[in-house]
Each structure stands twice: as C-alpha cells, then as structure tokens.
Amino acid sequence: MLVIHYSMIKLLLIGLSSYHNGLTTDIVIKLIQSFAKTVEHNGQFLTKVLDILKDEGYTSLAFMAILIKN
C-alpha cells in the first residue's frame, strides 16, 4: 500500500508540476490534502488498485521497485 500511495502522489506531482511550470510548497500541500481526502477516505479505491495489481501479477518486489524508481 505504501508503494501505491507513493507512486500515485508522485504521478500527480509530476502532472501538477508540468501544468504549473514548477511546484511550490502550497501546491504540494494542497495536492496531498486533496489526495488524503478523496483517496484515503475511500477504502474501496485503494483496495481495487491493489486487486488490479495482484490480478496482473505486478505485486512482486521487482515491479514495486519499478513503481518507486520511475
């Protein structure tokens, strides 16, 4: 779950950085607050993401390392 959280936040930060031509502390804080409010408070979403990763066979240590690095 930690890898899923990290990779999703990183992906969203990359998109916001491109949209705003850089990041500020306020943008990062707002993103993390919004992420926590919408994703972490919906127990089904993260469970569904994990189930999809398991079904596709992407839960091995090698695939988790790729999610963290890229």
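Okay, let's start with helix α2 and what it hides: the buried residues there are Ile 27, Leu 31, Phe 35 and Val 39. This is a predicted model, by the way, so keep that in mind throughout. Look at the spacing of those four. In an α-helix there are 3.6 residues a turn, so positions three or four apart point the same way. And that's how it plays out here: looking down the axis of α2, the buried residues sit within an arc of 65 degrees, so they line one face of the helix.

What's on the other side? The face turned away from the buried one carries Thr 25, Asp 26, Lys 30, Gln 33 and Lys 37, which are exposed. As for what lies over the buried residues, the cover includes α1 and α3. The helix itself has 16 residues, which at 1.5 Å each should span 22 Å, and its end C-alpha atoms are 21 Å apart, so that agrees.

Now let me zoom out for a second. The protein has four helices and zero strands, so from the N terminus you just read α-α-α-α. There are 70 residues, and buried ones make up 21% of them. The C-alpha trace spans about 35 × 25 × 15 Å along its principal axes. The accessible surface is about 5400 Å², and 63% of that belongs to carbon and sulfur atoms. On contacts: take the ones between residues at least 6 apart in sequence, and 56% of those join residues at least 24 apart.

So which residues make up the largest nonpolar core? There are 11 in all: Val 3, Ile 4, Met 8, Ile 9, Leu 13, Leu 31, Phe 35, Val 39, Leu 46, Leu 53 and Met 64. The elements giving two or more residues to it are α1, residues 2-20, α2, residues 25-40, and α3. The largest share, five residues, comes from α1. Let me pick out Val 3 here. If you leave aside neighbours within four places in sequence, Val 3 is in contact with Met 64, Leu 67 and Ile 68.

Next, the loop between α1 and α2, where you find Asn 21. Most residues other than glycine have a negative phi. Asn 21 isn't a glycine, yet its phi is positive, about 55 degrees. Is Asn 21 buried or exposed? Exposed, with a relative accessible area of 74%.

Moving along to α3, which covers residues 43-56. That's 14 residues, reaching 21 Å from the first C-alpha to the last, close to the 20 Å expected. Right after α3 comes Gly 57, again with a positive phi, near 80 degrees.

Last item, the aromatics. How many aromatic pairs turn up in a search of the whole structure? One. The partners are Tyr 58 and Phe 63, and the geometry is edge-to-face, with 4.8 Å centre to centre and 65 degrees between the planes. On accessibility, Tyr 58 is partly exposed at 38%, and Phe 63 counts as partly exposed too, at 34%. The cut-off for buried is under 20% relative accessible area, so Phe 63, at 34%, doesn't qualify as buried.

That's my tour, from the buried face of α2 to the pair of Tyr 58 and Phe 63. Happy to go back over any of it.

Technical notes
Residues numbered from 1 in each chain as written. Predicted model: local features only at pLDDT ≥ 70, side-chain atom pairs only at ≥ 80, totals over all residues. Heavy atoms only, no water. Expected span 1.5 Å × (residues − 1). Phe/Tyr/Trp six-rings, centres within 6.5 Å; stacked < 30°, edge-to-face > 60°. Buried < 20%, exposed > 50% of the residue type's maximum accessible area, 1.4 Å probe, protein only. Core = buried A, V, L, I, M, F, W, Y, C linked by side-chain atoms within 4.5 Å. Contact = heavy atoms within 4.5 Å. Arc of directions from axis to C-beta. Areas by Shrake-Rupley, 256 points an atom, 1.4 Å probe, with all protein chains shown as cover.
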